[in-house]
Amino acid sequence: MANVTDLQTKYSKLAQEYSKLRAQNQVLKKAVVDEQASTVSLKEQLKQRDQSLRKQEQEMDSLSFRNQQLAKRVELLQEELASKVDSPSQHGLETQSVFDEDLQKKIEENERLHIQFYEADEQHRRQEAELRGRLQELEKDSEQHQTVLDGLTAKYIDTIERLQSDKARLEVKAQTLEREAKECRMRTEECQQQLRRCQSELNRQVKQSSSVIQEKVPFNDTKFSDYNSLNVPPHNRRHQLKARDVAGQALSFIQDLVAALLNFHSYTEQRVHIYPRDSSIEPISPLNQKFSQYLHENAAYVRPLEDSFLQLHQSITEDTVTVLETVVKLKSFADNFSSYTHFLQKILPYQLKSLEEECEAPLCTAVLTAKNQELQGDMKRVTSVFEKLQSYINILALPSVRQDAMPPSSTSAVFTQLAACLHSLHDAIKEMSKHYNQKAGLEQELPTITQKLCTTSECLLGSLGSLTSSTGKIATFFSNNLDFFTSPGYSPRGGTVTLNPLQAESMLANKKKAAAYMHAIKKPRPQSVPYREALSNRRILTSSTESREGLTQQVQQSQEKIARLEQEKEHWLLEAQLGKVRLEKENQRIADLEAQLTAALGGSPNSQAAAASTLAQSHEEAEKELQKAVGKETTLCTSLVGMLCTTPTVEHVGDEDSREQLIKTHYMARVGELTTQLQISDSKAVHFHSECRALAKRLAIAEKSRETLSEEVKRANQNITRLQDELTTTKRSYEDQLSMMSDHLCSMNETLSKQREEIDTLKLGSKGNAKKNKGR
C-alpha cells in the first residue's frame, strides 16, 4: 500500500509539472510567433530605410555635381569682372557705345535667328513625326507581307512535298494495280470456268427443284397469313440466351431493390420508436404504434418479390421458349408486386399522419415543417408510381393466363410506358432522398437531438441512397433493353403472327427430337492427350490438390485450436474473477474471526472456549464452501485449501500472512500457466495468420494471372473479329469482281454471238455469190 501511495504522489507531482511545462510551452510558442512577426516587420522597415537612403545618396551626388558647376561658373564670372575693373574707364566709355550698338544688332539678329531656328525646328519635327509614322506603317506592312510570304512559302513547300509523296505513292499503287490487273485477268479466266460449272450446276438444280415442287408441293402456305400461322417457327437460340442474360441482370437489380426496401422500412420503424417520442422513456402515440406494427410486417411483402423473380429467372433456360404467352411465372411476380403495392397504400396514411405528428412537436421549426410537407408529397408520388407499375406489370402478365387478353400491337406501347414509369420512380425516390437529407441536416441543429436519432437518420439516408441507385440502374437497364423487349423473338417465316403455347410445345418437341437424332448419328472422337503432357498435368494436379488439402486441414485445425483457446481463456477469466471474489470474502471472514477471537481472549475462559469452538465451526464452514466452489479445479488447489482450513485454530491464530502467501502463490502459478498457454496460442495464431497472408498473396497472383489471361482472350477475340471483318470485305470484293466479270462475260458472249451471226451471214453471202458466178 505504501508503494501505491508513493506512486500516486509521484504521478500527481509529474502531472503538475507536466501541466506547468505545458502552460510554459504555450507561452513560449506565443512569444516565438510574436517575435517572428516583429522580425518580419523590422525586415520590411529595414528594406524601406535602405531604399530611402539610396535615394538620398543619389540626390546628394547630383547636388554636389551641380554645386561644383556653379562654383566654376562663379569663378569665371569673377575673373571677367576683375579684368573689366582693371581696364581704363575712358576706353570703356568709348567702346561701350560701339558694344551697345553691336549688342543691339546682335540681339535683333539673334531674335530673328531664334525665330527662324524655332520655325525650322518645328517643321523638322513635324516632318520627322510624319516620316516616323509612315516608316512604322511601312514596317508593319513589310512584316505582314513577310509573314504572308513565309506562310505561303511553307504552304507551297508542304504542298510540293505532299504532291511528290502522292506521286510516289500513286506510282507504287499503279504498279500494284498493274500486278493486280494481271492477277485479275488470270482469276477472270478461272472464274469464267467456275461460272460455266456453276451455271450448269444451277440449271440442273433448278430443273430438279422445279420438278420436285411440281410433283410434291401442292401449294405454298407461306403466301397466306392464315396458313402460315399454323407453321411452327424455328427455335431461336440467340433470343433464349439473350432472355436468360437479361433475366439474370434484372434479378441482380431486383435483389438490390429488395435489400434497399427492407432497410428503408426497417430504419423507418426504428425512427418511429425514437422521434418525436422515445419509446424507452415514454410511450409513443397509438398512431405510431400501429404504423410501427405495419412496418414490422414489411418483409412478408418485400421478400416474395425476390423469390418470385428468382423462380421466373430459373424458368428461362436455353431449352425453353420465352414470350409473354409462355412465361407463366410472371403472373406470380405480378401478384407479389400487387400485394406490395397494397402494403404501400396501407401504410401511406400512417406515414402522412406520423409526419404531421412530427410537425406538431414543440421544437419543430417552420423550415422543418415545410420539409415534412415536401416529404408527404414525395411519399404520395412514390406510391402512385408503384400503382402505375403494378398496372403495367399486370397487363404484361395477362397473355400467359389468357392468350387473347392483349393484342400484339399493344405490347410495344406497354413496354415503353413501363420504361417511362421506371424513370419516374427513380426521379421520385431521388427527390425524396434529397428532401430527407435536408430534413436530417435541419434536425441536427435542434438542441434536443440524440445520438440514437442521428445514427438512425444516417442509416435511413444510406438506405434511400441505395434505393435511388437501384431504381436508376433498373430504369437504365430497361431503357437499354427496350428494343429486345418489344421485338418479336418467335414468329413463322415471312409472317408477324405471335407464338401460342401449343406452337411453343411443338417447337420444343421438334427441337428435342432433332437434338436426339443429331446425338445419335454423331459419335464424337475420343480426345487424347500426349503422354508427357498428361504426366505433367497429373503432377501439377496432385501437388496442387495435396497442398490445397494440407492447407485446408491446417486452417481447420488452427480454427479449432483458436476456438478451444478462446473457450479456455473465457473459462480461466471467469475462474480468476471467482477466485478474486472468494479471496475477498475469505479475507473479510478472517478479519471477522480475528475480531471475535480478540474479543474472546479478553473475556473469561468459558468465553474463550466458546470463541474457539465458534472459530473452529467457521473454519469448517469455510472449508466446505471452498471445497464446493473449487471442486472442479486441480487437486493442488483442493489440497492447499484443505490444508489451510484444517489447521488448528488456537496454535495458528496469527498465520494470516502465511495463508495469504500460499493462496497468492497458488493463483500466481495458475496465472503463469494461463499466460504460457496464451502465448503459445498467440504464436500459433501468428503462424496461421502468416499462412493466411501467404495464401492471400497466392490468390492475388492467381487473380492477376487470370486478368492477364482474360486480357489475352479479349485481344484474341478482337483479332478474330478483325480477321472476320477482313474476310468479309475480301469476300465482298471478290463477289463484286465476280459480278463484274460475269457482266463482262455476258457482254463478250453477246459480241461473240453477233460476230458469229455476221460471219454466218457473210458466209451465206459468199456462197450465194459463188453460185451466181458458176451459173453465169
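Two residues are said to be in contact when heavy atoms of the two lie within 4.5 Å. Counted in this way, the contacts in the chain with a separation of 6 or more come, for 82% of them, from residues 24 or more positions apart. The structure discussed here is a predicted model, and the description that follows moves from the chain as a whole to a few of its helices.

The chain has 776 residues, of which 21% count as buried, and its accessible surface comes to about 56,900 Å², with 56% of that surface belonging to carbon and sulfur atoms. Its secondary structure consists of 16 helices and zero strands.

Helix H5, which covers residues 286–295, gives a view of how burial is arranged along a helix, for Asn-288, Phe-291, Ser-292, Tyr-294 and Leu-295 are buried there. When one looks down the axis of H5, these buried residues fall within an arc of 160 degrees, and therefore they line one face of the helix. A general property of helices helps in reading such a pattern: an α-helix has 3.6 residues a turn, so residues three or four places apart point the same way. The partners of the buried residues of H5 are two other helices, H4 (237–274) and H7 (329–359), against which they pack.

A single residue in another helix can be followed in the same manner. Thr-383 belongs to helix H8, which spans residues 366–397, and because buried means under 20% relative accessible area, Thr-383, at 6% relative accessibility, counts as buried. Once its neighbours within four places in sequence are set aside, Thr-383 is in contact with Leu-344, Gln-345 and Leu-348.

The surface offers a contrasting scene, where Val-148, Leu-152, Tyr-156 and Ile-160 form a nonpolar patch that has about 380 Å² of accessible area together. Leu-152, one of the residues of this patch, is placed in helix H2, which runs over residues 89–216. Since partly exposed residues are those in between the limits of 20% and 50% relative accessible area, Leu-152, with a relative accessibility of 34%, counts as partly exposed.

The cysteines call for a separate word. A disulfide requires a pair of cysteine sulfur atoms within 2.5 Å, and by this rule the count comes to zero disulfides. Among the cysteines, Cys-421 is buried, with a relative accessible area of 5%, and Cys-454, at 15% relative accessibility, counts as buried as well.

Conventions
Residues are numbered from 1 along each chain as its sequence is written. This is a predicted model: local features need pLDDT of at least 70, side-chain atom pairs count only at pLDDT 80 or more; totals for chains, interfaces and linings use all residues. Side-chain values use heavy atoms; hydrogens and water are left out. Buried means under 20% relative accessible area, exposed over 50%, partly exposed in between (1.4 Å probe, protein chains only). Helices (H or I, at least four residues) and strands (E, at least two) are DSSP runs, numbered from the N terminus. The arc is that of the directions from the helix axis to the C-beta atoms. Patches are made of residues with over 30% relative accessible area and no salt bridge: like charges are joined within 9 Å, nonpolar side chains (Val, Leu, Ile, Met, Phe, Trp, Tyr) within 5 Å. Accessible areas come from the Shrake-Rupley method with a 1.4 Å probe; for residues, only the protein chains shown count as cover. A salt bridge is a side-chain nitrogen of Lys or Arg within 4 Å of a carboxyl oxygen of Asp or Glu.
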